[in-house]
Amino acid sequence: MSDGVRVLIVEDVAAEAELAIRRLVQGGLRCTHVRVDTEKDFRGALRSFRPHVVLSDLTLPAFDGLAALAIALREWPDVPFIFLSGTIGEERAIEALRRGAVDYVLKTNPARLVPAVLRALRDVSERARRRTAERQIHESEQRLRDIVDIAQEWIWELDSTGHYLFSSESIRGVLGLTVENLKGAHFEDFLHDEDRASFVKTLASLDSHNRTATGLVARWRHADGGFRWLEASLRALTSGAGVVTGYRGTHRDVTERKQQQERITRLTRMLQMQSGINAAVVRIGEREDLLREACRLALQVGGYEHAMISLVADDGRHALPWYRLGMGPDYLLDLDFPISDGTEPDTSLVGRALRTGQITISTDLTQSEPPVAGRSELLQRGFHSVVALPLIVDGARIGVLSLASRESDLLSDEELGLLQDMTANLSFALQYRQKETAVQYLNYFDPLTGLAKRGLFCERLDKLLQNRVGPEGAPTVVAFDVMNLSNVNDSFGRHVGDLLLQRVAERLKHHVEDDERIGYLGGGTFVLVPSQVEVSAENVTTLLESTVFHDVFHIEGRAIRTSFKSGIAHYPVDGADAGTLAQRAEAALKRAKESGEQYLHYQIQMHSDIAARLALEHKLRIALDERQFVLHYQPQINVLTGRIESVEALLRWHDPAQGLQHPALFLPVLESSGMIVSVGEWVLHEAVKECQRWRGLGIGPVRIAVNVSAQQVRRRTFVENFLTAAASCAADGFGIDLEITETGLLHDMEGASRKFRELRTAGMRIAIDDFGTGYSSLGLLSKLPVDILKIDRSFISGLPSDRASVTLVSSIIGLASAFQLAVVAEGVETLGQLELLRRLKCNYSQGYLHSRPVPAAELERMLTTPTARAASRGAQVEKRSG
């Protein structure tokens, strides 16, 4: 009230009003006042004057004090109302107070006026302070209720006996229950039997000295009947005397974290079990001892509660338990596992695993499928999941390793993969366990296919050569490759590729009478000595096509069709010993793969080609040392504006003897010899020098794209070297970009993505060169930090007349647009092609229509002379033909 007390006086006599105000001032109150004597003026003053207190006569000629009181209470209930009247009887005074007046003062006793007003103002102030405090308390309580209700953690309170007094609404999200479900319930009703004692013990240990406990993890029953892992923070509530009166706490759901921890623990156990079995393969000589050790490791290291080996009987129609660990000796002793021929349903996991040769799993024994022998007894003993792992020796399914656990939904994909690897290793070791030691086996046989390695194959072939009889006994060596093996590995995983090689080996052994005529040289290459009946190349090809590769390979639910290419070497024309024959069959195979032929015979010319290749490699090393390489540049034209916005730097070799050489003649040698890394670094530094020069001359701006190889990208220092070299010209619209082919990305997709992301952050653009000719896929575009797609010239050449080419190019441009990538069309040679590309909304055009690759000096003239630039777009077709 810094401007004084505002007093509204309802009085028809002005002198009386002035006298009242004088009394208040004399009493120490600074006042401003308004006097009214009608209802209309009273209502108006309440709204405009906003008084702190109302003094009213009881009776007025045109108004009534009680009526004024009713109006004031209705419109301004917080303003104190005091009657100031000359005469007021006791009954009327009581009536006035009952109706809401705070006091009454007789004009004949003016000494009471100031105390009455002061008391009324104090009461108003106290009521306002109390209302503010009550509002703040209410808001605080509401805020706390909101926090409790929206918190993901479950907040609760128990009485001293363990019954729920309070629960937050988050119980619905945590355990699927409602607050009503918990009222009066005891907490033990919701705890897992195995966790109840521990939780009760912890709760009972809390008192006035040890009031809190945290990190207590237990399983709580969900409304759906399952259990969730919850982590608790507990606090005891105590009285002033230190007696525990109840408990408060919070629970948060840690089921996912717990499951992840359990999964990591299981994976660790399985890795240790796999490692133990791999060690046992080398350490233990006898098959029976190895199988017993595998069961022991499954229990003691792998964490399974039961392990059993079942072996196929002699008749091959059923399997019998042979060895078991984890339960009594009489358990499942009389079980017989029939092996269905496919016409009748399987009756056990063991039988199904032996019929299919695939791992068979039941992750929940309460379900009727898949079939499990002895299901009821397993459930009675607390088991919930079983896995049957087939043991395959030399293509034959000899038995099953069964593992049982008391956990449900036991196997993740990673765990299943480890079991597959472990079973494959165990099966592989069993194949030759009784014939050779583990060391001999690994030295002479390929562990994946079970076939002889190069050394053993050549040893056997030499014996065959020594024992041959006459010219008709001259053998032929055939080396053949499984085609598209790398695509299978990249698409489905190396495990599937390994299974494919195993299936090829199995079919090969099935159709070749003598296993000693077969070998595996690694990398998907098999070697074979056909019988004399199959000696011609056509017969060998027919043999492989009609037997090994005729049918689709069915692997883990996938139908995989593949083919082969082969190389053939004849004794004694192509070699007098096994090693030479095998090498020359491989050389013929290599040439067949390069030429696209189904098969090729070894020719002496292949040696000449190798010599020529070595000579070229020597000349290229000299070229690098003596700076015989040069860069030519081909413009990339903005299709809409016709401007040269970037150029591609293309490598040329100026051979002192033969002149300028096209890269198609020498790039393969640079790649195979590893020189591509050094040459690629030279290209980068040369392009940067030109970029700096053009920038200094004020030519441009223009960006330069350089081609990089997969070998460069795989180098550890690739990003550092590239940034160091290119940083000096990355400004004012200039810059260095890089191009790489699709196939060059497939060797290390993750590593390439990480490195390209660093380069893009520094301002470089990434282009996929020759897009559509390699491993084109949405997956490639989604995984790589790419800016530009370059459509290969083979697709552009069919434009605009070839409908298939138009559809393909349009699809690539649409795909690039969906990924917000720019598109460069390579090999543009006609105005018709350019016009179609413009309609298809291709961004850039590159080709002889605009310019052939030219030396730096000629490109500078194009960049600085608009007429020359325009002429390049119309005259290069004739220049190309000339």
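# A tour of sheets, helix pairs and unusual backbone

Select strand β3 (residues 53–56) and strand β4 (residues 81–85): three bridges join the two, and they run parallel. The model is a predicted one. Within this pair, Val54 stands opposite Phe81 of β4.

Now widen the selection to the whole sheet. Five strands make up an open sheet with parallel pairing, in the order β2-β1-β3-β4-β5. The edges are held by β2 (31–36) and β5 (103–106); each has a single partner strand, so one side of each is left without a neighbour in the sheet. On average, neighbouring strands of this sheet are turned by 25° against each other, direction ignored. Add helix α3 (residues 65–75), which packs on the sheet and touches β3 and β4. The direction of α3 makes about 170° with that of β4.

**The antiparallel sheet**

Next, select β7, β6, β10, β9 and β8. These five strands form an open sheet in that order, and the pairing is antiparallel. Which strands stand at the edges? They are β7 (164–167) and β8 (212–221), each with a single partner strand, so one side of each is left without a neighbour in the sheet. Neighbouring strands here are turned by 25° against each other on average, direction ignored.

Start at the β7 edge. β6 and β7 pair in the antiparallel sense over three bridges, and Trp156 has Ser167 in β7 as its bridge partner. The two strands form a hairpin with four residues between them. In the turn, centre the view on Gly162, whose phi is positive at about 100°.

Then go to the β8 edge. Nine bridges join β8 to strand β9 (residues 227–238), and the two run antiparallel. Pick Val217 to find its bridge partner in β9, Glu231. Now show helix α8 (residues 193–204), which packs on the sheet and touches β6 (154–159), β8, β9 and β10 (244–253). Its direction makes about 155° with that of β8. Add helix α9 (residues 255–283) as well: α9 lies across β8, β9 and β10 and runs at about 125° to β9.

**Two helix pairs**

Two packed helices are described by the angle between their axes and the distance between the axes.

For one such pair, select helix α10 (residues 287–300) and helix α13 (residues 413–431). Their axes come within 10 Å and cross at roughly 165°. Angles over 145 degrees count as roughly antiparallel, and that makes α10 roughly antiparallel to α13. The crossing is right-handed. Show side chains at the contact: Arg287, Leu290, Leu291 and Ala294 in α10 meet Leu426, Ala429 and Leu430 in α13. By class, the residues of this contact are six nonpolar, no polar and one charged.

Move on to helix α24 (residues 718–726) and helix α25 (residues 749–761). This pair packs at an angle of about 20°, with the axes 10 Å apart. The helices α24 and α25 are therefore roughly parallel to each other, and their crossing is right-handed. From α24 the contact takes Phe718, Val719, Phe722 and Leu723; from α25 it takes Lys755, Phe756, Glu758 and Leu759. The contact of α24 with α25 has six nonpolar, no polar and two charged residues.

**An aromatic pair**

The structure holds 20 aromatic pairs. For one of them, select Phe480 and Phe564: their rings are 6.2 Å centre to centre with 75° between the planes, an edge-to-face arrangement. Phe480 is in strand β17 (residues 476–482) and Phe564 in strand β22 (residues 564–570), so the reader will have to show both strands: the pair links distant parts of the chain, 84 residues apart.**Unusual backbone**

Most residues other than glycine have a negative phi, and most peptide bonds are trans. The remaining stops depart from that.

Select Arg627, in the loop between α20 (605–625) and β24 (629–638). Arg627 has a positive phi of about 55° although it is not a glycine.

Where is Pro701 placed? Pro701 is in the loop between α22 (676–697) and β27 (703–707). A cis peptide bond joins Gly700 to Pro701, with omega about 10°.

End at Pro800, in the loop between α27 (793–796) and α28 (803–818). The peptide bond from Leu799 to Pro800 is cis, and omega is near -5°.

Key: Residues are numbered from 1 along each chain as its sequence is written. This is a predicted model: local features need pLDDT of at least 70, side-chain atom pairs count only at pLDDT 80 or more; totals for chains, interfaces and linings use all residues. Side-chain values use heavy atoms; hydrogens and water are left out. Two strands pair if DSSP finds at least two bridges between them. Axes are lines fitted to C-alpha atoms, for helices over the stretch in contact, and angles run from 0 to 180 degrees between N-to-C directions. Contact means heavy atoms within 4.5 Å. Angles under 35 degrees count as roughly parallel, over 145 as roughly antiparallel, 65 to 115 as roughly perpendicular and the rest as oblique. A crossing is left-handed if the near helix is turned anticlockwise from the far one by less than a right angle, and right-handed if clockwise. Ala, Val, Leu, Ile, Met, Phe, Trp, Tyr, Cys and Pro count as nonpolar, Asp, Glu, Lys and Arg as charged, and the others, Gly among them, as polar. Rings of Phe, Tyr and Trp (its six-membered ring) pair if their centres lie within 6.5 Å; planes under 30 degrees apart count as stacked, over 60 as edge-to-face and the rest as tilted.
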